[in-house]
Amino acid sequence: MAQRMPHGMVYGSKPSRVGLVQANKLEAFMGKRPRVSVSVAGRVAQVTNTKGGWFDVDAGNGKIITAHFKNNSINIPKSLKNRYIVMDGVAQRQMISDDHQHYAGGDSRGHSRPSGPRHLLSFEVKGLVVEK
């Protein structure tokens, strides 16, 4: 059973609100930089692992920011889902491949499948506060 969390609950260190960026604007804010220290506000899409504080933040248009705490001893509750949060830490752009078949030159049927890299945003959280 999920518990209701009080407004203002802090995990890790209390995040700064200076230069706060909305989650749906993070990619544009980063520009060409692969890493940036920033405070981000957004809604938790899901908690993927309570131990170590792994969760996804909705970045709009079907995009997700995968986030986890730098300090892996921090645990977060599943009830964080759908809550609006502010997190402070380091955003990082990663390139991932849609599949690994392109290394072998095609799929199992011998067909060549073009596979371009996708960009994934990850976030190493130093601190998080539950807004509402």
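Contact, on this tour, means heavy atoms within 4.5 Å. Before you start clicking, note that this is a predicted model, in which local features need pLDDT of at least 70 and side-chain atom pairs count only at pLDDT 80 or more, while totals for chains, interfaces and linings use all residues. Residues are numbered from 1 along each chain as its sequence is written, and side-chain values use heavy atoms, with hydrogens and water left out.

**Stop 1: F123**

Select F123 and show what surrounds it. Setting aside neighbours within four places in sequence, F123 is in contact with V38, V40, I65, T66, A67, H68, M87, D88, G89, V90 and A91.

**Stop 2: the core**

Now widen the view to the largest nonpolar core, which has 27 residues. A core here is a set of buried Ala, Val, Leu, Ile, Met, Phe, Trp, Tyr and Cys residues joined through side-chain atoms within 4.5 Å. Buried means under 20% relative accessible area, exposed means over 50%, and partly exposed is in between (1.4 Å probe, protein chains only). Which members touch the most others? Pick F55, M87, F123 and L128. At least two core residues come from each of α1 (26–30), β3, β4, β5, β6 (84–97) and β7 (117–130). Those labels are DSSP runs numbered from the N terminus: helices are H or I with at least four residues, strands are E with at least two. As background, nonpolar side chains tend to be buried together in soluble globular proteins.

**Stop 3: two hairpins around β4**

Colour β3 (residues 35–49) and β4 (residues 54–58), an antiparallel pair with 4 bridges. Two strands count as paired if DSSP finds at least two bridges between them. For a landmark, find N49, whose bridge partner in β4 is W54. The β3–β4 hairpin has 4 residues between its strands, and G52 in the turn has a positive phi of about 85°.

Next, add β5 (residues 64–69), which runs antiparallel to β4 and is joined to β4 by 4 bridges. Here F55 stands opposite A67. This hairpin has 5 residues between the strands, and G60 takes a positive phi near 80°.

**Stop 4: F55 and its ring partner**

Stay on F55 in strand β4. Is F55 buried or exposed? It is buried, at 0% relative accessible area. Select F69 too, which counts as buried at 2% relative accessibility. Rings of Phe, Tyr and Trp (its six-membered ring) pair if their centres lie within 6.5 Å; planes under 30 degrees apart are stacked, over 60 edge-to-face, and the rest tilted. By this rule there is 1 aromatic pair. F55 and F69 form that pair, which is tilted, with 6.5 Å centre to centre and 50° between the planes. F55 sits in β4 and F69 in β5, so the two rings tie together parts 14 residues apart in sequence. Try a C-alpha distance as well: F55 and V44, 11 residues apart along the chain, are separated by 7.0 Å.

**Stop 5: salt bridges**

Switch to charged side chains. A salt bridge is a side-chain nitrogen of Lys or Arg within 4 Å of a carboxyl oxygen of Asp or Glu. How many does the structure hold? There are 3.

Start with R17 and E131, whose closest N and O atoms are 2.5 Å apart. R17 is in the loop between β1 (10–12) and β2 (21–22), and E131 is in the segment after β7, so this pair ties together parts 114 residues apart in sequence. R17 is partly exposed, with a relative accessible area of 42%, whereas E131 is buried at 18%.

Then go to E27, which is linked with K63 and R93 in a network of salt bridges. K63 meets E27 with closest N and O atoms 2.8 Å apart. K63 is in the loop between β4 and β5 and E27 in helix α1, so the bridge ties together parts 36 residues apart in sequence. K63 is partly exposed at 46% relative accessibility, and E27 is partly exposed at 27%. R93 and E27 also form a salt bridge (3.6 Å, N to O). R93 is in strand β6, 66 residues from E27, and R93 is buried at 19% relative accessible area.

**Last stop: R33 over F29**

Finally, select R33, which lies over the face of F29 at 5.3 Å from the ring centre. A charge sits over a ring if NZ of Lys or CZ of Arg is within 6 Å of the ring centre and within 35 degrees of the ring normal.
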